[in-house]
Amino acid sequence: MTIETVWGEYQSSVKAFLHSKVSSSDDVEDLLQDILLKTYLHLNEVKDRTKVKSWLFQVANNAIIDFYRQKGRLNQIGEEDLWFEKKKEQVREDLLTCLLPFIQALPEEDAEMLTSIELHGQSQKAYAEEMGINYSTLKSRLKKSREKINSLFHDCCELSLDKNGSVIDYEARQKGDVRCQ
């Protein structure tokens, strides 16, 4: 069997297996590349063709175990070594503090809805039930409220986003505007 044949037949199954064990898509892609490399290097060691699939999934399972072992070691790194994580959390805290005046500037109904759902993490369905609103109506109102606050916010701040859409930095635009203080 060639690497192309094996990978063509089992890649999607291995990827699904990885997704069932690892939450981050980026980590899954990294693990998939690692497994491909190991398959390329060691496929010739599998003598019985009927055992290729089980061998490949054992390689995948071992890669997952190694991944979590490494992740455990990363948890032992001191906080000072993770300066970039502190910066990301600080940016989030700064933006939440900054966001409150914008939310409060919206009509009371919009402000209450955004505070409950966006800041306190209440599910949209639970909020709709609590308020006696049709779920699709709530989704529409939420979208409009987000657009309102987004417009207000972007008047004051330039946001830098990572590849996942998370805010990693910001810069004030209109320092003279009272809302932007």
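In this predicted model, the charged end of Lys125 is placed over the ring of Tyr135, at 5.4 Å from the centre of that ring.

Rings can also meet other rings, and a pair of aromatic rings is described by the distance of the centres and the angle of the planes. A search of the whole structure finds two aromatic pairs, and their values are set out below.

| Pair | Centre to centre | Angle between planes | Kind |
|---|---|---|---|
| Phe17 and Phe57 | 5.6 Å | 70° | edge-to-face |
| Phe67 and Tyr68 | 4.9 Å | 70° | edge-to-face |

The pair of Phe17 and Phe57 links distant parts of the chain, since Phe17 lies in helix H1 while Phe57 lies in helix H3 (residues 52-74), 40 residues apart. The rings of Phe67 and Tyr68 have their planes at 70°, and because planes over 60 degrees apart count as edge-to-face, this pair is given that name. Phe67 has a relative accessibility of 13%, and it counts as buried because the limit for that word is under 20%, whereas Tyr68, with a relative accessible area of 37%, is partly exposed.

Helix H1 (residues 3-21) also packs against helix H2 (residues 25-42), at an angle of about 150° and with the two axes 10 Å apart. The crossing in which H1 passes H2 is right-handed. On the side of H1 the contact is made by residues including Trp7, Val14 and Leu18, and on the side of H2 by residues including Val28, Leu32 and Tyr40. Taken by kind, the residues of this contact between H1 and H2 comprise 11 nonpolar, four polar and two charged ones.

How values were computed: Residues numbered from 1 in each chain as written. Predicted model: local features only at pLDDT ≥ 70, side-chain atom pairs only at ≥ 80, totals over all residues. Heavy atoms only, no water. Axes fitted to C-alpha atoms, helices over the stretch in contact; angles between N-to-C directions. Helix = DSSP H or I, 4+ residues; strand = E, 2+ residues; numbered from the N terminus. Left-handed = near helix turned anticlockwise from the far one by under 90°. Contact = heavy atoms within 4.5 Å. Nonpolar A, V, L, I, M, F, W, Y, C, P; charged D, E, K, R; others polar. Phe/Tyr/Trp six-rings, centres within 6.5 Å; stacked < 30°, edge-to-face > 60°. Buried < 20%, exposed > 50% of the residue type's maximum accessible area, 1.4 Å probe, protein only. Lys NZ or Arg CZ within 6 Å of the ring centre and 35° of its normal.
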